[in-house]
Amino acid sequence: MSRFLDHAATSPMRQVAVEAWIEHAGKLNPGGQYSAGRKARSVLDDARELIASLLGADPVEVIFTASGTESDNLAIRGLYEAGSSNRVISTPVEHPAVLETIKSLGLIGADIELLPVGSDGRVDDYEPLAKPAALATCMWANNETGAIMPLHEIIERASASGTPVHVDAVQAVGHLPVDFHQLGATTLAASAHKFGGPRGSGLLLARRSPAPAAVLHGGGQERGIRPGTIDVAGAAATAAALAEAVGELEAEQLRIAQLRDDLLAGIVAQVDNVLVHTTQPALPGHLHLSFPGAEGDSLIMLLDHAGIEASTGSACASGVNRASHVLLAAGVSEHDARGAVRFTLGRTSTRADVDAVLAVIAEVATRARLAGMAG
Ligand code: PLP
């Protein structure tokens, strides 16, 4: 039996989401002006209202998309096009959904500034936010280390200079309390499969003003920000998953963080020279570590062989550059960054999962270090 410790990559679908999905799989176009269309529309409206109430937004601010990546693209590119400045501010530790999007804006004339981060991977210099920009974009919590970013500071400073802020909350929604209005961001991206909803269902929260300009063009659905026929079953499943995730959030945060802390304590008690990249405040389920002298890919393969499913944590971990851009930005050496493994616990995680890792980790680390680095 395999032990799944890669919840940050994707989390198994919740039963409530599967049921909602199946119940509404046959729904037709919610834009149809006949009975079947109205029925689909009513399911979609309910999903929108529930999601809005769970995330502290108005229903009109909820836009259904097809992924977290799509939400990030629509918001960042859309705010850039709606703005009058060519400055874009971000951080070097963003997910590729954000980093590659701003890089593409660079090709059409954007002046990109990345806020420096400290050795904990969190922004530690806010100076570039003093001058107005088309937008600033920052993640709520890092997908590799789990680090919660100093968002309030960023939003406060950006707002003072009139700069709209996009928040990539893909790792946060369903895991931390989220109140869109209280946060003060302009737009916020989420992804259902990170909180037990279906893969291929994303959310974008977007204030009425300033709103992202249309990047995709079509039939005008979702305020024209995300045109295209909406997946009603996906929206209903997303709402059902989010309701359950938010309902159990407080208890799960404690339970999962305890398991994570025990996993960390058990690993450092058994293995010498472990670098711990996850520092507080962090998401409850994240544990990102390096075993210097080992290659992340070897560690993952040996773990997999032992029935443990984990990842290196880096979205660009295959290919020539095996070191994570997040760890390099935080000043970790390439040698150490290449020995990274990310364990992420979630809703289905149990004490037995932690014990299973602890039963094999010493052997796995020894064998991976003996195999050495790929050169
Ligand atoms: N942003 C962050 C922080 C993520 O962790 C991910 C997925 O891993 C994404 C964006 C992209 O989300 P999706 O897989 O829904 O496209």
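**Exercise 1. The ligand shell**

Which helix gives the largest share of the shell around the ligand? Then sort the shell by class and pick out the residues that come nearest.

*Solution.* Keep in mind that the model is predicted.

Step 1. Look at helix α3, residues 68–82. Helix α3 supplies three residues, the largest share of the shell.

Step 2. Sort by class. The shell has eight polar residues, three charged ones and two nonpolar ones.

Step 3. Find the nearest residues. The ligand has 13 residues around it. T69, D168, Q171, S191 and K194 come nearest.

**Exercise 2. Polar atoms at the ligand**

How far from an oxygen atom of the ligand is a polar side-chain atom of H193? Repeat the reading for S191 and K194, then find how much of the ligand the protein covers.

*Solution.*

Step 1. Start with H193. A polar atom of its side chain lies 3.0 Å from a ligand oxygen.

Step 2. Turn to S191. An N or O atom of the S191 side chain is 2.6 Å from an oxygen atom of the ligand.

Step 3. Go on to K194. Its side chain places an N or O atom 2.6 Å from a ligand oxygen.

Step 4. Now take the cover. On its own, the ligand has 390 Å² of accessible area, and the protein covers 87% of that.

**Exercise 3. R87 in its strand**

Is R87 buried or exposed? Locate R87 in the fold and list polar partners of its side chain.

*Solution.*

Step 1. Place the residue. R87 belongs to strand β3, which spans residues 87–90.

Step 2. Apply the cut-off. Buried means under 20% relative accessible area. R87 has 8% relative accessibility, so R87 counts as buried.

Step 3. Check side chain to side chain. R87 and E113 are joined by a polar contact of 2.7 Å.

Step 4. Check side chain to backbone. The R87 side chain reaches the backbone oxygen of K131 at 2.8 Å.

**Exercise 4. A147 in a loop**

Where is A147 found? Give its burial and its C-alpha separation from L328.

*Solution.*

Step 1. A147 lies in the loop that runs between β5 (135–139) and α5 (151–160).

Step 2. The relative accessible area of A147 is 3%, so A147 is buried.

Step 3. A147 and L328 are 181 residues apart along the chain, and 15 Å separates their C-alpha atoms.

**Exercise 5. Rings**

How many aromatic pairs does the structure hold? Then find the charged end that sits over the ring of F180.

*Solution.*

Step 1. Count the pairs: zero.

Step 2. Inspect F180. The charged end of R207 sits over its ring, 5.4 Å from the ring centre.

Terms used:
Residues numbered from 1 in each chain as written. Predicted model: local features only at pLDDT ≥ 70, side-chain atom pairs only at ≥ 80, totals over all residues. Heavy atoms only, no water. Near = heavy atom within 4 Å. Polar contact = N/O pair within 3.5 Å; in protein donor to acceptor, adjacent residues only side chain to side chain. Areas by Shrake-Rupley, 256 points an atom, 1.4 Å probe, with all protein chains shown as cover. Helix = DSSP H or I, 4+ residues; strand = E, 2+ residues; numbered from the N terminus. Nonpolar A, V, L, I, M, F, W, Y, C, P; charged D, E, K, R; others polar. Phe/Tyr/Trp six-rings, centres within 6.5 Å; stacked < 30°, edge-to-face > 60°. Lys NZ or Arg CZ within 6 Å of the ring centre and 35° of its normal. Buried < 20%, exposed > 50% of the residue type's maximum accessible area, 1.4 Å probe, protein only.
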